[in-house]
There are 2 protein chains.
Amino acid sequence: MSNDNSKRRLTTNARTLVESSYNRIRSDIIGGKLAPGSKLRIDELRGDYKIGASPLREALNRLAGEGFVTVEEQRGFSVAPVSPDDLRDLSSMRVMLECEALRESIRNGGDEWEANLVAAHHRLQKAEQSFGKDLAEWEQRNDEFHEALLAACPSSWLLRLRHVLYEQHKRYRFIAILSQQAGRDVHREHREILEATLARDVKAACKATELHIQYTMESSIRVFAELEKDTPIAV
Amino acid sequence: MSNDNSKRRLTTNARTLVESSYNRIRSDIIGGKLAPGSKLRIDELRGDYKIGASPLREALNRLAGEGFVTVEEQRGFSVAPVSPDDLRDLSSMRVMLECEALRESIRNGGDEWEANLVAAHHRLQKAEQSFGKDLAEWEQRNDEFHEALLAACPSSWLLRLRHVLYEQHKRYRFIAILSQQAGRDVHREHREILEATLARDVKAACKATELHIQYTMESSIRVFAELEKDTPIAV
DNA sequence: CTGTGTAAAAATATCGATAATATAAAAAAA
DNA sequence: TTTTTTTATATTATCGATATTTTTACACAG
């Protein structure tokens, strides 16, 4: 066994080739390296990611289930398109599901949940201070904070559907982060959600969440409109 | 070419082997032929459905994306478990999403939508009269009626998520149909939804939908409790 | 009774052959 | 000359057989 690093763990914490290619393609779609609407030719990807066709196809099928990729019978796979309309749709759905989950989480959360939530917020705060330094780190902490908020929600279907939308939304948030997010204080938005939640004030917490999602959407749509003038992203 | 019926269209309207095995496994899961929680060994399925491993794995990955099948790294696939708790969860999520979709549909629906809705209800009514005769036919018409109700909803994500839950719910409805549905008049429930919808009475339509889903749930849970006494379905 | 090693079973990945589809080029008709 | 239709070629997806890796079960020694 000489080349064990090519065989085991192609990317961090992925045990199988399906898993690792799934992760890579997914983050390439989220990060915009694979353009929305573009065809995903098996042979090309085979070359790019250096794996066989079967695990690739499995990964693509999995991504299709989550809406990152579209499948057409005998026409192959392509990257799901993005559009301002889709973003608006996604955002309003997120408001509905995140608020409902937060409501349930506040109702059911105990001391343990509160403690974890405060801890997650603290870690996010730390990462926010070194914002420019490590974007991936901040992303991770942001995800964890928002998950901690909803951790006490007992409905696994609600959490599951929310997760799908949240992940989809990342494609757009990636665009928003590129913009200057004019006059926006994400840090403060997070703190407001946290405080309302700890105060068990469902109404205020939901309102703060709604605004948080809305601001992100508006920020993205602005950039989107700019981008689309030059190169139409959605096909 | 002698055996073209083995190559093309193994089951009705499926163009590829992936599609056809996907359909068959899915309906076997919904119909309960593949027991909840049981392992889906590739080799066994290969024998049962007479196809190769690659298309099978692709079909299973697709089913995993929709929650019919669970995947564990290097441990293979298994049928997603069912439980009364899962049914309750599923039902309350359905109430939320179906009502929201119905609200939007009522707001946006025009004459065309109304006409199609009335037509779908009529077809369902016809199928209901010959209830015992063709259950698959009734199922189809029922799906179509509920889809027609929401057809004018402009949010494709809402419809998509609703669809996932609706399909999941079929596993439980299959159980409910087996029971006598004591004292239930599904026909009347449908008519009430239709009438409130045509009257553009959002509140009444949502209430009727909520009751419709709730009754189905209660009906299933009763049978469920009976079944579980003898053989624990959920593992 | 616990831990380690080995054998069997099962899942995963790759490869090569086959079938389907799209693209292009060429010919015929308008 | 342009447009349409047909045919041939090239590209691409699909599929099953085989090889590799991993897990699990079981036996045996400590």
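Reader: Which residue of chain B has a polar backbone atom 2.4 Å from a phosphate oxygen of DNA strand D?

Author: Happy to start there, keeping in mind that this is a predicted model. Polar contacts count here for N or O pairs within 3.5 Å, and a phosphate oxygen of DNA strand D lies 2.4 Å from a polar backbone atom of the residue you want. That residue is B:Gly52.

Reader: Which elements of chain B give two or more residues to the surface near DNA strand D?

Author: Backbone polar atoms of B:Leu17 and B:Val18 sit 2.6 Å and 3.4 Å from a phosphate oxygen of DNA strand D. The elements giving two or more residues to that surface are helix 2 (17-30) and helix 4 (53-65) of chain B.

Reader: How much of the DNA strand D contact comes from sugar and phosphate?

Author: In total, 16 residues surround DNA strand D, with A:Arg15 and A:Arg57 among the closest. They divide into five nonpolar, five polar and six charged. Of the atoms of DNA strand D within 4 Å of the protein, the sugar and phosphate share is 89%.

Reader: Turning to the sheet in chain A, which strands stand at the edges?

Author: The three strands form an open sheet with antiparallel pairing and the order 1-3-2. Each edge strand has a single partner, so one side of it lacks a neighbour in the sheet. The edge strands are strand 1 (39-40) and strand 2 (69-72).

Reader: And what is the bridge partner of A:Glu72 in strand 3 of chain A?

Author: Strand 2 and strand 3 (residues 76-79) of chain A run antiparallel and are joined by four bridges. For A:Glu72, the partner in strand 3 is A:Gly76.

Definitions and conventions
Residues numbered from 1 in each chain as written. Chains lettered and ligands numbered in written order. Predicted model: local features only at pLDDT ≥ 70, side-chain atom pairs only at ≥ 80, totals over all residues. Heavy atoms only, no water. Pairing = 2+ DSSP bridges. Near = heavy atom within 4 Å. Polar contact = N/O pair within 3.5 Å; in protein donor to acceptor, adjacent residues only side chain to side chain. Nonpolar A, V, L, I, M, F, W, Y, C, P; charged D, E, K, R; others polar.
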